[in-house]
Amino acid sequence: MAHEPRLMRSLRALLHHHRTAALATLQPAGDGTPATPFVSFVPYAIDTAHSQLVLHLSGLAAHTQQLQAQPLASLLVTAAEPEDGAVHALERVTLQVRAHTPERDSPQWQAARTAYLARFVDVAFMMELDDFRLVCLQPLSGRHVAGFGAARDVTAEELHQLLSRPDC
């Protein structure tokens, strides 16, 4: 295996070890009002076969409907907040993503389902509920902050590499 720079190893660990994120979608405008940002909390899994993140969302949820109307979104994954001490230098990554819903029982849906249930075994029953669906997030770019003075842009190709193999 080729050498992986320290910041890439750190970002791989951040994405693979954490299971929740803040999802930012766009609430559509109506009657002359501008679209507004909408942020929600989501658990996520990683489908290494397709280098993407996987959400399991209710069709009734506002963010699901917003992703259907506008598939571009942003996802924030952050290190856990310490009980004491500074929080300003917490490691975090903001991903710009494109959402899509794979066709139920397709190979991509099966891979997404397998990835999600491997991470969240306790929600297998929810896969059978009619109003829930798997939503896949394909990373387009990112901004990784590894601490003070350690912020950088991350390309889609770098994110593809990070997501395509598990953290070691």
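**Exercise 1. Identify the partners of the salt bridge that involves Arg143, and state where each partner lies.**

Solution. In this predicted model, the side chains of Arg143 and Asp153 form a salt bridge, with an N to O distance of 3.0 Å. The cut-off to apply is 4 Å between a side-chain nitrogen of Lys or Arg and a carboxyl oxygen of Asp or Glu. Next, place the partners: Arg143 belongs to strand β7 and Asp153 to strand β8 (residues 151–155), so the pair ties together parts that are ten residues apart in sequence. Finally, consider accessibility. Arg143 is partly exposed, at 38% relative accessibility, whereas Asp153 is exposed, at 56%.

**Exercise 2. Determine how many salt bridges the rule gives, and describe the one that involves Glu128.**

Solution. The count is two salt bridges. One of them joins the side chains of Glu128 and Arg113 at 3.8 Å, N to O. Glu128 is found in the loop between α3 (107–119) and β7, while Arg113 is in helix α3; the pair therefore ties together parts that are 15 residues apart in sequence. As to accessibility, Glu128 is exposed, with a relative accessible area of 53%. Arg113 is partly exposed, at 23% relative accessibility. As a general principle, side chains of opposite charge can pair when their charged atoms come close.

**Exercise 3. Establish which residues of helix α2 are buried and against which elements they pack.**

Solution. Begin with the cut-off: a residue is buried when its relative accessible area is under 20%, and exposed when that area is over 50%. In helix α2 (residues 62–69), the buried residues are His63, Thr64, Gln66 and Leu67. Viewed down the axis of α2, these residues fall within an arc of 165 degrees, so they line one face of the helix. The exposed residues Gln68 and Ala69 are carried by the face turned away from the buried side. The packing partners of the buried residues of α2 are the strands β1 (20–27), β2 (36–43), β4 (52–58), β5 (72–78), β6 (92–100) and β7 (132–145).

**Exercise 4. Compare the span of helix α1 with the expected span, and list its buried residues.**

Solution. Helix α1 covers residues 6–17, twelve residues in total. From its first C-alpha to its last, helix α1 reaches 16 Å, which is close to the 16 Å expected at 1.5 Å a residue. The buried residues in α1 are Met8, Leu11, Arg12, Leu14, Leu15 and His16.

**Exercise 5. Describe the volume and the lining of the largest pocket.**

Solution. The largest pocket holds about 160 Å³ of space. Its lining consists of Phe41, Val42, Pro43, His56, Leu57, Ser58, His63, Tyr116, Phe120, Val123, Met126 and Phe132. Assigning the lining to elements shows that β2 and β4 are those that give two or more residues. His63, a lining residue, is also one of the buried residues of α2.

**Exercise 6. For Ser51 and Asp105, report phi, then decide whether each residue is buried or exposed.**

Solution. Ser51 has a positive phi, near 50 degrees, and is a residue other than glycine. Ser51 is located in the loop between β3 (45–47) and β4. With a relative accessible area of 1%, Ser51 is buried. Asp105, likewise not a glycine, has a positive phi of about 75 degrees. Asp105 sits in the loop between β6 and α3. With a relative accessible area of 53%, Asp105 is exposed.

Terms used: Residues numbered from 1 in each chain as written. Predicted model: local features only at pLDDT ≥ 70, side-chain atom pairs only at ≥ 80, totals over all residues. Heavy atoms only, no water. Helix = DSSP H or I, 4+ residues; strand = E, 2+ residues; numbered from the N terminus. Expected span 1.5 Å × (residues − 1). Buried < 20%, exposed > 50% of the residue type's maximum accessible area, 1.4 Å probe, protein only. Arc of directions from axis to C-beta. Contact = heavy atoms within 4.5 Å. 1 Å grid on protein atoms, 1.4 Å probe; cavity = no way out; pocket = protein on both sides within 12 Å on 5 of 7 lines; lining within 4 Å. Points joined across faces, edges and corners; volume = space filled by probe spheres on them.
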